[in-house]
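The following exercises are to be worked through with the sequence and the model at hand. Each task is followed by a solution in steps.

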Amino acid sequence: MNNLTSSDVIVFVCAGLLIILLLFGFIIFFIFSYRSKQRNYKQLQEQKQKIDAQKIVLENALKDLQGAQSQLVQNEKMASLGALTAGIAHEIQNPLNFVTNFSEVSREMLEEMQQEIGLGNMDDVKAIAMDVMENLEKIRQHGQRADGIVKGMLQHSRKSSGEKEPVNLNTLAEEFLKLSYHGMKAKDKSFNSDFKTDFDPNLPKVNVVPQDMGRVLLNLINNAFYACFQRVGANEAGYRPLVTVSSQQRQNHVEISVSDNGLGIPDSIKDKIFQPFF
């Protein structure tokens, strides 16, 4: 130690001071780093709380949206059912009128037959009896027609089971064509349109869900009648609205086509027609 020079002492002192400064700098860096991490952690916690709050708001908004969507779907079903019911009320009136008329005629025939029996005119009695039997057969046919219409309404209104069954699409399409027309007529008395069918008579039965297929057909035909009615409002000279429903058997599928001579779909919205609620 006695051999140390003043310059050596200075070097040791400087080294010691340098070490102290480094330690002090490290402590300061650690303190600032710790405080910075604390601030970052606090900011992350605050952001997490905001995200959690926003998540709750979004989840509530999603629930409200899903509820509104369900309500819109239900309202659309009810509107569709209302139009269908109006069409059915008109459609079912025809067979009921036939049943009433043939019943009254048959009653008059039976009264006439009683008179002929009293007179002993058995040939006339037999002729009247045959006429009554024909009337009863017509009553049965129109009763079955009314029964079919009511069953169609019940199938459309009840919740779909999702089960497919063999269906005559010609019969289904014609039924909903008439129901759509009378439903549109019930909504607006000024509505009027021609309609026709062009069905393949050899069309095989197809496995479909009748309720779902019926709703599809009803919506398509309603849109077709609506397009025609919109063009009627343009007051074009010589225009006669017409909706056509046709069927055709292809190689491996059946094709149902609904066409009209109305205004058609504007090009500006063709890419939106499959968007929900459009």
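**Exercise 1. Pairing in the sheet**

Task: Determine which residue stands opposite Lys-196, and in which strand that residue lies.

Solution. Lys-196 has Thr-244 of strand 4 opposite to it. Before going further, note that the model is predicted, that local features need pLDDT of at least 70 and side-chain atom pairs pLDDT 80 or more, and that totals for chains, interfaces and linings use all residues. Residues are numbered from 1 along each chain as its sequence is written, and side-chain values use heavy atoms, with hydrogens and water left out.

Step 1. Helices (H or I, at least four residues) and strands (E, at least two) are DSSP runs numbered from the N terminus. Two strands pair if DSSP finds at least two bridges between them.

Step 2. Strand 2 and strand 4 (residues 242-249) are paired in the parallel sense, over 5 bridges. Within these strands, Phe-195 stands opposite Val-243.

Step 3. Strand 4 and strand 5 run antiparallel and are joined by 7 bridges. Here Gln-249 faces Val-254 of strand 5, and a hairpin of 4 residues joins the two strands.

Step 4. The result is an open sheet of 3 strands in the order 2-4-5, with mixed pairing. Its edge strands, each pairing on one side only, are strand 2 (194-198) and strand 5 (254-260). On average, neighbouring strands of this sheet are turned by 10 degrees against each other, direction ignored. Such angles run from 0 to 180 degrees between N-to-C directions, with axes fitted as lines to C-alpha atoms, for helices over the stretch in contact.

**Exercise 2. Helices across the sheet**

Task: Establish which strands helix 3 lies across, and at what angle helix 3 runs to strand 2.

Solution. Step 1. Helix 3 (residues 169-187) lies across strand 2, strand 4 and strand 5, and runs at about 180 degrees to strand 2. Helix 4 (residues 210-232) also lies across strand 2, strand 4 and strand 5, at about 25 degrees to strand 5. Contact here means heavy atoms within 4.5 Å.

Step 2. The 19 residues of helix 3 reach 26 Å from first to last C-alpha, close to the expected 27 Å. The expected span is 1.5 Å times one less than the number of residues.

Step 3. At the N-terminal end, helix 3 is capped by Asn-168, with a side-chain oxygen 3.0 Å from the backbone nitrogen of Asn-170. A polar contact is a pair of N or O atoms within 3.5 Å; within protein, one must be able to donate a hydrogen and the other to accept it, and residues adjacent in sequence count only if both atoms are side-chain atoms.

**Exercise 3. The nonpolar cores**

Task: Identify the element that gives the most residues to the largest nonpolar core.

Solution. Step 1. Buried means under 20% relative accessible area, exposed over 50%, and partly exposed in between (1.4 Å probe, protein chains only). A nonpolar core is a set of buried Ala, Val, Leu, Ile, Met, Phe, Trp, Tyr and Cys residues joined through side-chain atoms within 4.5 Å.

Step 2. The largest such core has 22 residues, and Leu-172, Phe-176, Phe-225 and Val-243 are among those with the most contacts inside it. Two or more residues each come from helix 3, helix 4 and strand 4. Helix 3 gives the most, with 8 residues.

Step 3. A second, separate core of 5 residues includes Met-109, Val-125, Ile-128 and Val-132.

Step 4. Among the contacts of Leu-172 are Val-167, Met-213 and Leu-217, residues up to four places away in sequence not being counted.

**Exercise 4. Two individual residues**

Task: Decide whether Ser-106 is buried or exposed, and do likewise for Asn-235.

Solution. Step 1. Ser-106 is found in helix 1 (residues 6-119). Its relative accessible area is 6%, so Ser-106 is buried. With residues up to four places away in sequence left out, Ser-106 touches Val-132 and Asn-135.

Step 2. Asn-235 is located in the loop between helix 4 and strand 4. Its relative accessible area is 68%, so Asn-235 is exposed.

Step 3. Most residues other than glycine have a negative phi. Asn-235 has a positive phi, near 55 degrees.
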